[in-house]
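Trainee: Could you take me slowly through one part of this model, and explain the terms as you go?

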There are 2 protein chains.
Amino acid sequence: MTPKKILLVVCDGLSDRPVKQFDMKTPLQVARKPALDAIARHGINGTMDVIGPGIIPGSDTAHLALFGYDPHKVYTGRGPIEAVGAGIEMTKKDVAFRCNFATVDKSMHVTDRRAGRIGQGTDELAKAVSGIQIDGVRVILKEGSEHRCVLVLRGEGLDPRVSDVDPHRDGKVLLAEPIVPSAEKTAQVLNEFVKRANKILECHPVNKKRIAEGLPPANAILPRGAGGIGEIETLPQRYGMKCAAVAGVTLIKGICRLVGMDVPEVGGATGGLDTDYRAKADMALRLLDSYDFVFLNVKAADIAGHDGDFRIKVSVAENIDVMMGIILKDIHEDVVLALTCDHSTPVSVKEHSADPVPLSVSGGGGRVDGVREFDEISCASGALGRIRGTELMPILLGMADRARKFGA
Amino acid sequence: MTPKKILLVVCDGLSDRPVKQFDMKTPLQVARKPALDAIARHGINGTMDVIGPGIIPGSDTAHLALFGYDPHKVYTGRGPIEAVGAGIEMTKKDVAFRCNFATVDKSMHVTDRRAGRIGQGTDELAKAVSGIQIDGVRVILKEGSEHRCVLVLRGEGLDPRVSDVDPHRDGKVLLAEPIVPSAEKTAQVLNEFVKRANKILECHPVNKKRIAEGLPPANAILPRGAGGIGEIETLPQRYGMKCAAVAGVTLIKGICRLVGMDVPEVGGATGGLDTDYRAKADMALRLLDSYDFVFLNVKAADIAGHDGDFRIKVSVAENIDVMMGIILKDIHEDVVLALTCDHSTPVSVKEHSADPVPLSVSGGGGRVDGVREFDEISCASGALGRIRGTELMPILLGMADRARKFGA
């Protein structure tokens, strides 16, 4: 049997709960979505606890689970995921941190954790401190969106088990503490870096200009969320597949790179409500020509959920439907196509929730059940039953004739 | 999001199998039960393997699972559960035993394991032996229903891993043996207690009177089912919820107290077929005013199942329906209401069975599937799918917006 290709489409936070004002329906139940329903109708359907029953997934842990990794084992803090997302190639010995550019006073008291949500000039500030060496450890700093940046420490004898420097609110900048004895060096280097960065940033032209304009200077870096990537076995190593991803959000890109996917830039894929759905569809189709496994993430529904906006969420569902319509028009019938969500973000909750997500898998000559619509309730009566996130990848590999045999 | 309250209603043993003489229906399928069906119709439904597929649950292990504990880890014999149920406050170092008052001859041969099902005077007999000290260990003995009592050993250096004294049939009273070396002291104290208790009970006025009346004297105590409570983390500790229970049966009360619930006395809640359903409903509603999590157990269906009486079981289901009707009339729509059983007790088996139990969860703005009736078959096609008992609590917490997030 020739192994088939797989396209996994994840609609971030699209799954929801019924809303009273909308006739006890979910946004998916209200949206006009012929393409999404066609996927349900031509395939098998189910629901999925992405991490486990009653556990609210983060987008990071959820995607690790969807890619077949036990997040309880491989998730070591958000730092490494952000670092890889920012384009830094992590090695196994690196320790990475998420950071804010912040404003501190002379006695290292935080007066603004986001330095007035500084957006301009953080690339120059990052360049000014990146590359310095402390105790044989090289510091890599890379700017992110707004006030955010990523710090990677590279050298021998590092251990990510250190406490945060970021006080997480206004107050004195904390000294990183080793949580285990083997992290002592890491804590020392980190504390020394925070001190030196403050000295360098204090007198940087970008900050001088900000002060002259009455803006809070970005004169400190506050690391948090330390982690290392450890011994993660990539998807290509694990399954012998060439893998690629279409995603707009840094965090998701980071996870995709971490598990060994190629992540080409897609013009117009913003990770926002204004993302270019056609560009994403075209890129996914193009990647299916040369890759075995293609992953496509659309962030917009999660944003509508966090905003608690039912109508916007319906329109996002309909935009996703247009995108999937473009894909369905040209996708080869042998491709196993999975459509699901990484978690629910109910508009009534405005946050991620533990409600299971709908799942439809069609194509590749697989089974077809009687489900006719893609939504939280219809899918629940399908032939896939209720599965766990970590079971999705094995199921897709099985349907794509890529599974391994156990026994004779 | 404001966390919602949770009401968990467990109909002990109500779940059943179809019976040929009743048109291949189960008692639940025959009963008139508008309130139970309304819960199914306005919520999501499923079936549940309370312990695991093909494992026949005891009421004790089942309830531990329903409260979110892995019974394979926390269940250390029925002794501690009975002790807590009898109102003895167990400490972590205590070892508890279920016991029978029994009749033995001069050579400690058991002639009646239940001392003629003695009902009167066991409180006096218990008082006569309770409080004695052996080797620095204090003995606490408390009477139960009929010939039953509970023994707690309190002191340093005890270990519950000892064999039973109770021979479980007529025959010589056994010597407790340590199963591990660290339980040697416990076995010695236990054996010494059994000897001394025999001496004290032998000449007790209650027994002299029994002998005079031609009744077998309760002149021995036969401990079995040793266990300790270990390091159980209570529900309030684990989930930050104030928890209360409405239950009539000692065993169930014991488990509820063990996991940190308040268990107020309910007049008329007997744990029998004659229990006061209205009193239970009223108490559950009242507790919901001041508690986050309320648990309500009805024992009667299990009794009808053990008796193999289909008609009585139908009428119990209809009584439970009346009780739930009272609750539905006054319950706040934001309360997450779960209706299920701890195990099946099919009238065709007259014992607990491993058949999964029906489960309906409504309220709290949660999802609604197409199931219209609360019974073993209808619920099985619902959106909850087939879950495990230990997953129920996380699912309810998720629906009540009390779940924890993992990741970002």
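Mentor: Let us begin with a term: a residue counts as buried under 20% relative accessible area, as exposed over 50%, and as partly exposed in between. The model is predicted, and the part I would look at closely is the loop of chain B that lies between strand S4 (109–112) and helix H6 (122–129), where Arg117(B) is found. With a relative accessible area of 45%, Arg117(B) is therefore partly exposed. Its backbone also deserves attention, since most residues other than glycine have a negative phi. Arg117(B), which is not a glycine, has a positive phi near 45 degrees.

A second loop of chain B can be read in the same way. Asp401(B) sits between helix H14 (389–399) and strand S15 (404–406), and although Asp401(B) is not a glycine, its phi is positive, at about 55 degrees. Asp401(B) has a relative accessible area of 15%, so this residue is buried.

From there we can turn to helices in chain A. Helix H6 (residues 122–129) of chain A packs with helix H7 (residues 184–202) of chain A at an angle of about 125 degrees, and their axes are 10 Å apart; because of that angle, H6(A) is oblique to H7(A). The crossing in which H6(A) passes H7(A) is right-handed. On the side of H6(A), the contact is made by Leu125(A), Ala128(A) and Val129(A), while H7(A) brings Phe193(A), Ala197(A), Ile200(A) and Leu201(A). Sorted by kind, the residues of this contact of H6(A) with H7(A) are seven nonpolar, with no polar and no charged ones.

Methods:
Residues are numbered from 1 along each chain as its sequence is written. Chains are lettered from A and ligands numbered from 1 in the order in which they are written. This is a predicted model: local features need pLDDT of at least 70, side-chain atom pairs count only at pLDDT 80 or more; totals for chains, interfaces and linings use all residues. Side-chain values use heavy atoms; hydrogens and water are left out. Axes are lines fitted to C-alpha atoms, for helices over the stretch in contact, and angles run from 0 to 180 degrees between N-to-C directions. Helices (H or I, at least four residues) and strands (E, at least two) are DSSP runs, numbered from the N terminus. Angles under 35 degrees count as roughly parallel, over 145 as roughly antiparallel, 65 to 115 as roughly perpendicular and the rest as oblique. A crossing is left-handed if the near helix is turned anticlockwise from the far one by less than a right angle, and right-handed if clockwise. Contact means heavy atoms within 4.5 Å. Ala, Val, Leu, Ile, Met, Phe, Trp, Tyr, Cys and Pro count as nonpolar, Asp, Glu, Lys and Arg as charged, and the others, Gly among them, as polar. Buried means under 20% relative accessible area, exposed over 50%, partly exposed in between (1.4 Å probe, protein chains only).
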